[in-house]
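Visitor: Mind walking me through this structure? I'd like to start with the ground rules and then poke around.

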Amino acid sequence: MAEHTQHSRPELAGVFRKFAQQQCAGRSPLYFILSQAVAGSPELLALAAKTRLGQPAPNMLFGAVHHLLRGGVQHPLADWFSGHEPPVQDRAGALLVDFSRRHAGQIEQIITTRTVQTNEANRCAVLLPAFAALQGSLDERPVKIVDVGASVGLNLLWDRYTYRYNDRMLCLPGSNPDVVLACEVKGEPPPLAVDVGRFVRPLGIEVSPVDLADCEATEWLVSLTWPEQTERRRTLRTALAIAAQDPPTVVSRRAPGCLAQVVAETPANEHLCFVFSWSIYQVFGSPGGRERLVETLAELSHKRPIHEISIGHFGHDVPRMITGRYENGESRSAVVARCDVYGFWIDWLSGAGSGPAGRTIITAGGGFS
């Protein structure tokens with residue numbers, strides 16, 4: 001049986017309030033209101049507390065409700081989730097409690113067995129500049145990208161998408177015109193000169209890889225998108241179709257234990273780069289996950305140089321992108337960009353155009369800001 005979240009009731013209420021302010025404000029009026037309703041309801045908090053250990057309770061609870069409604073469950077909440085009616089603050093708590101009472105067994109089954117495996121293809125729009133910067137800082141040897149927490153592996157298909165940065169369209173040799181990832185550039189232009197031929201076939205690591213042939217599993221990914229995000233769902237479905245035609249390589253391994261195996265198996269004539277896209281907390285826990293990652297990669301770098309690209313909040317309201325290099329037990333890392341949770345905008349920091357030389361330096365055993 002899966003362990004439940006270890007948050008106390010007051011802590012969990014704080015998680016939902018933070019989720020409302022940090023992620024939902026200005027993005028999802030529905031989830032903003034529902035998050036506040038959960039935070040103020042002992043009954044809903046008790047249900048949310050059953051979320052599988054290590055999983056974000058707000059995403060799991062609302063994803064479960066969304067999944068059931070998308071599956072045909074009839075309830076007044078369906079009009080809110082479908083956008084047919086605007087959510088009403090005063091009724092949110094009562095309606096969500098009623099829905100949860102009626103379908104408590106189904107909700108509990110979902111939040112205790114499934115995980116948040118959102119695979120946001122648009123995040124490739126902020127990863128691509130990092131790949132370009134990394135490539136520009138290396139010698140001619142090929143680059144191996146290993147995405148840790150890859151879900152179904154859509155980020156491994158970064159070279160299949162078409163990109164739009166403000167008014168500039170970027171088409172790679174294998175770009176599919178049906179998937180256009182739009183990203184607003186704030187501040188100075190990020191590096192975009194990437195040679196796809198320099199990158200060998202990437203690898204994804206996932207505890208429970210999503211089977212592209214399993215309709216229920218892929219529909220769960222769709223349910224994890226937020227009700228207002230119709231364009232995001234369209235992009236997800238198109239990207240899933242591309243993945244089904246040529247499935248990315250995602251292996252079932254449990255990180256961080258498998259990272260040493262990847263280091264050992266990667267040929268010496270290839271550069272190795274681990275990518276963590278909002279997955280550090282699932283692999284190394286929270287708080288302190290970032291520090292444990294740095295220590296792990298520093299230790300593994302006694303065997304070979306390792307590169308890192310990580311995206312997450314790292315204690316800030318606005319997400320950061322960190323790039324790093326580890327060699328002989330030492331690390332040098334930096335915040336090179338600020339970006340949107342879903343990759344809809346990027347602010348590439350001055351001086352961060354060629355490798356880990358941004359504004360904030362992190363070393364093994366040290367902190368960061």
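Guide: Sure, here come the ground rules, followed by helices, cores, a pocket and a few single residues.

Guide: This is a predicted model, where local features need pLDDT of at least 70, side-chain atom pairs count only at pLDDT 80 or more, and totals for chains, interfaces and linings use all residues. Residues are numbered from 1 along each chain as its sequence is written, and side-chain values use heavy atoms, with hydrogens and water left out.

Visitor: OK, helices. What span should α13 have, and what does it have?

Guide: α13 covers residues 289-300, and its 12 residues should span 16 Å at 1.5 Å a residue; the end C-alpha atoms are 17 Å apart, which agrees. The expected span is 1.5 Å times one less than the number of residues. Helices here are DSSP runs of H or I with at least four residues, strands are E runs of at least two, and both are numbered from the N terminus.

Visitor: Which residues of α13 are buried?

Guide: G289, R290, L293, V294, L297, A298 and L300. They cover an arc of only 165 degrees around the axis, so they sit on the same side of α13. That arc is taken from the directions from the helix axis to the C-beta atoms. Buried means under 20% relative accessible area, exposed is over 50%, and partly exposed is in between (1.4 Å probe, protein chains only).

Visitor: And α6, what do its buried residues pack against?

Guide: α2 (29-39), α3 (42-48), α4 (57-70), α5 (77-81) and α7 (104-113). The buried residues in α6 are A92, L95, L96, V97, F99 and S100. Packing rests on contact, meaning heavy atoms within 4.5 Å.

Visitor: Switching to cores. Which residues touch the most other members in the largest nonpolar one?

Guide: F16, W158, Y161 and Y163, out of 94 residues. Helix α8 (residues 124-136) supplies the largest share of this core, 10 residues. A nonpolar core is a set of buried Ala, Val, Leu, Ile, Met, Phe, Trp, Tyr and Cys residues joined through side-chain atoms within 4.5 Å. There's also a second, separate core of 26 residues, with I205, I306, F314 and V335 among them.

Visitor: What is Y161 in contact with?

Guide: Leaving out neighbours within four places in sequence, Y161 contacts A121, C124, L154, S175, N176, V179, L181, A239 and I242.

Visitor: Pockets, then. How much space lies in the second largest one?

Guide: About 170 Å³. A pocket is an open set of points on a 1 Å grid over the protein atoms alone, with protein on both sides within 12 Å along at least five of seven lines, and lining residues have an atom within 4 Å of a point.

Visitor: Who lines it?

Guide: There are 14 lining residues, and N122, Q229, E231, R232 and F344 lie nearest the centre. β4 (176-187) and α10 (230-245) each give two or more residues, and α10 gives the most, with four.

Visitor: Any odd backbone angles?

Guide: S151 isn't a glycine but has a positive phi of about 55 degrees. S151 lies in the loop between β1 (143-148) and β2 (161-165). W278, not a glycine either, also has a positive phi of about 55 degrees, and its place is the loop between β7 (271-277) and α12 (280-284).

Visitor: Why does W278 count as buried?

Guide: Because its relative accessibility is 16%.

Visitor: Last one: what does S223 touch, beyond residues up to four places away in sequence?

Guide: G63, H66, H67 and R70. S223 sits in helix α9 (residues 215-223), and its C-alpha is 7.5 Å from that of R70, although the two are 153 residues apart along the chain.

Methods
1 Å grid on protein atoms, 1.4 Å probe; cavity = no way out; pocket = protein on both sides within 12 Å on 5 of 7 lines; lining within 4 Å. Points joined across faces, edges and corners; volume = space filled by probe spheres on them.
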